[in-house]
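Let's take a friendly walk through a protein and the molecules it holds. Keep the structure open beside you as you read, and look for each residue as it comes up.

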Amino acid sequence: MEQSRAASRLRIVLGHLGSPSALNIVGHPTSGTVSSASFHPQQFQYSLDNNVLTLEQRKFYEENGYLVIKNLVSDADIQRFRNEFEKICRKEVKPLGLTVMRDVAILKSEYAHSEKTVTKVQDFQEDKELFRYCTLPEILNYVECFTGPNIMAMHTMLINKPPDAGKKTSRHPLHQDLHYFPFRPSNLIVCAWTAMEPIDRNNGCLVVLPGTHRGSLKPHDYPKWEGGVNKMFHGIQDYEENTARVHLVMEKGDTVFFHPLLIHGSGRNKTQGFRKAISCHFASADCHYINVKGTSQENIEKEVAGLANKLYGLADSVDLKDIWMFRARLVKGERTSL
Ligand SMILES: CCCC(=O)SCCNC(=O)CCNC(=O)[C@H](O)C(C)(C)COP(=O)(O)OP(=O)(O)OC[C@H]1O[C@@H](n2cnc3c(N)ncnc32)[C@H](O)[C@@H]1OP(=O)(O)O
Ligand SMILES: Nc1ncnc2c1ncn2[C@@H]1O[C@H](COP(=O)(O)OP(=O)(O)OP(=O)(O)O)[C@@H](O)[C@H]1O
Ligand SMILES: O=C(O)CCC(=O)C(=O)O
Ligand SMILES: [Fe+2]
Ligand SMILES: [Mg+2]
């Protein structure tokens, strides 16, 4: 009697092992069956097996789609990024391929070229000083937990959120970064975003909707803001008003890693300072490019193509895939596909 009960319990457990959801129960730290330190059950789908994240951190990312690591980048490195950014603003260096953005509210202003007119620089892959950020071992150590060992730096930005000129244009509408990316799978893409100074709700911190990385890519378009919207700042139109927003208050050097489907944005800068953050989107080199024709991403593709045409005279001849391949850089491992 005892024996057959034991046998049937065993069958239930073994039966459960075939189903990922039940692994949860068997491998749960409180069940006592398996030690939680050594057992990373298979239900993880947004992170890879690694010895870097604690089980708790890994579970947090799986559930919420982001993870903040305190004090990851040194003050000395941040100072170097700051110095280089100022040189770019003063036009002392002109890195090849760099895009310089100004805030739509101060486009027509009289400011001389300075830190005060540049809202964001993008695509600094040819700037040795700034691109150091994308190769920092402390950053890549975490990135690898999401991308695996072959790592490409796909998209780089230094954001210099200006004091809001009163029109709320310094906000970044809620969006998913995957909207801008023609490569997949999304789970092998991660953004690293590092605060270059203390950032809170006053100077416009990142705002995230936890758990939204588990949803799908939503249609994006320009928000209907009265004061104007910056070029290409698309937002999600129909997000649920009641979803909890979390404001990420961060210290200098703190770094958040987040999934490209996580809905996020940033608030207006109510201070007189220019709020700085540096960031890079990384992807596994094993990702592949997709054709976005006929998808919700077609609008941004058209806009980017239109801009490329206007700025460089690249008409329909150039595939956007070529532009991505051209600016992407291998930072670890082997360049396999992207
Ligand atoms: C995960 C990724 C998430 C994101 O990337 S979100 C943000 C994406 N943003 C971008 O990709 C940056 C796009 N911006 C750019 O490419 C450039 O800043 C842009 C808009 C071409 C301007 O380049 P410039 O070299 O400054 O050219 P320009 O001064 O001659 O201006 C050309 C036309 O663009 C306009 N413009 C410039 N900055 C703007 C802004 N912030 N908002 C709205 N319109 C803007 C400008 O008025 C001018 O228009 P027009 O030709 O006179 O009608
Ligand atoms: N009700 C809303 N509808 C649409 N987007 C919103 C709404 N509330 C906030 N957002 C978006 O989320 C981002 C962050 O919002 P947040 O409330 O932190 O900033 P803020 O409204 O600029 O400043 P604050 O609320 O701190 O005065 C904003 O940039 C905005 O794009
Ligand atoms: O630093 C910020 O304001 C966030 C910017 C952002 O989310 C983006 O450019 O994709
Ligand atoms: Fe973003
Ligand atoms: Mg608000």
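We can begin at ligand 2, where an N or O atom in the side chain of R201 lies 2.7 Å from an oxygen atom of the ligand. Keep in mind that this is a predicted model. R245 also reaches ligand 2 through its side chain, with a polar atom 2.7 Å from an oxygen atom of the ligand. H172 takes part through its backbone instead: a polar backbone atom of H172 is 3.2 Å from an oxygen atom of ligand 2. On its own, ligand 2 has 590 Å² of accessible area, and the protein covers 76% of that. Altogether 15 residues are around ligand 2, and those that come nearest are R201, R245, H247, S266 and K270.

**The iron ion**

Which residues are the protein donors of the iron ion (ligand 4)? They are H175 and H264, each through its NE2 atom, and D177 through OD, at 2.1 to 2.2 Å from the ion. Along the sequence, these donor residues follow the spacing H-x1-D-x86-H. The two histidines link distant parts of the chain, since H175 sits in strand β5 (residues 172-175) and H264 in strand β13 (residues 264-266), 89 residues apart. Are these histidines buried or exposed? H175 is buried, with a relative accessible area of 4%, and H264 is buried too, at 5%.

**Ligand 1**

Now move to ligand 1, which is surrounded by 21 residues. The closest are R102, Q122, N230, K231 and K310. The table lists some polar contacts between the protein backbone and this ligand.

| Residue | Atom of ligand 1 | Distance |
|---|---|---|
| V100 | oxygen | 3.3 Å |
| R102 | nitrogen | 2.7 Å |
| K231 | nitrogen | 3.0 Å |

By itself, ligand 1 has 1,000 Å² of accessible area, of which the protein covers 71%. Where in the chain does the shell around ligand 1 come from? Strands β2 (99-101) and β3 (120-122) and helix α7 (298-312) each supply at least two of its residues. The largest share, three residues, comes from β2. Sorted by class, the shell has nine nonpolar, six polar and six charged residues.

**The cysteines**

Next, let's look for disulfides. A disulfide is a covalent bond between the sulfur atoms of two cysteines. How many disulfides does the model have? The count comes to zero. Why is C89 without a partner? The closest cysteine sulfur, in C134, is 18 Å from the sulfur of C89, and that is too far for a bond. C191 is in no disulfide either, with the nearest cysteine sulfur, that of C280, 7.7 Å away. For a pair to count as a disulfide, the two sulfur atoms must be within 2.5 Å. C89 is buried, with a relative accessible area of 1%, and C191 is buried as well, at 2%.

**One helix to finish**

Finally, find helix α6, which spans residues 137-147. Which of its residues are buried? They are I139, L140, Y142, V143, C145, F146 and T147. An α-helix has 3.6 residues a turn, so residues three or four places apart point the same way. Try tracing the buried residues of α6 on the structure with that in mind. Just after α6 comes G148, which takes a positive phi of about 85°.

Key:
Residues numbered from 1 in each chain as written. Chains lettered and ligands numbered in written order. Predicted model: local features only at pLDDT ≥ 70, side-chain atom pairs only at ≥ 80, totals over all residues. Heavy atoms only, no water. Donors = N, O, S within 2.8 Å, 3.2 Å for Na, K, Ca; no water. Helix = DSSP H or I, 4+ residues; strand = E, 2+ residues; numbered from the N terminus. Buried < 20%, exposed > 50% of the residue type's maximum accessible area, 1.4 Å probe, protein only. Near = heavy atom within 4 Å. Polar contact = N/O pair within 3.5 Å; in protein donor to acceptor, adjacent residues only side chain to side chain. Areas by Shrake-Rupley, 256 points an atom, 1.4 Å probe, with all protein chains shown as cover. Nonpolar A, V, L, I, M, F, W, Y, C, P; charged D, E, K, R; others polar.
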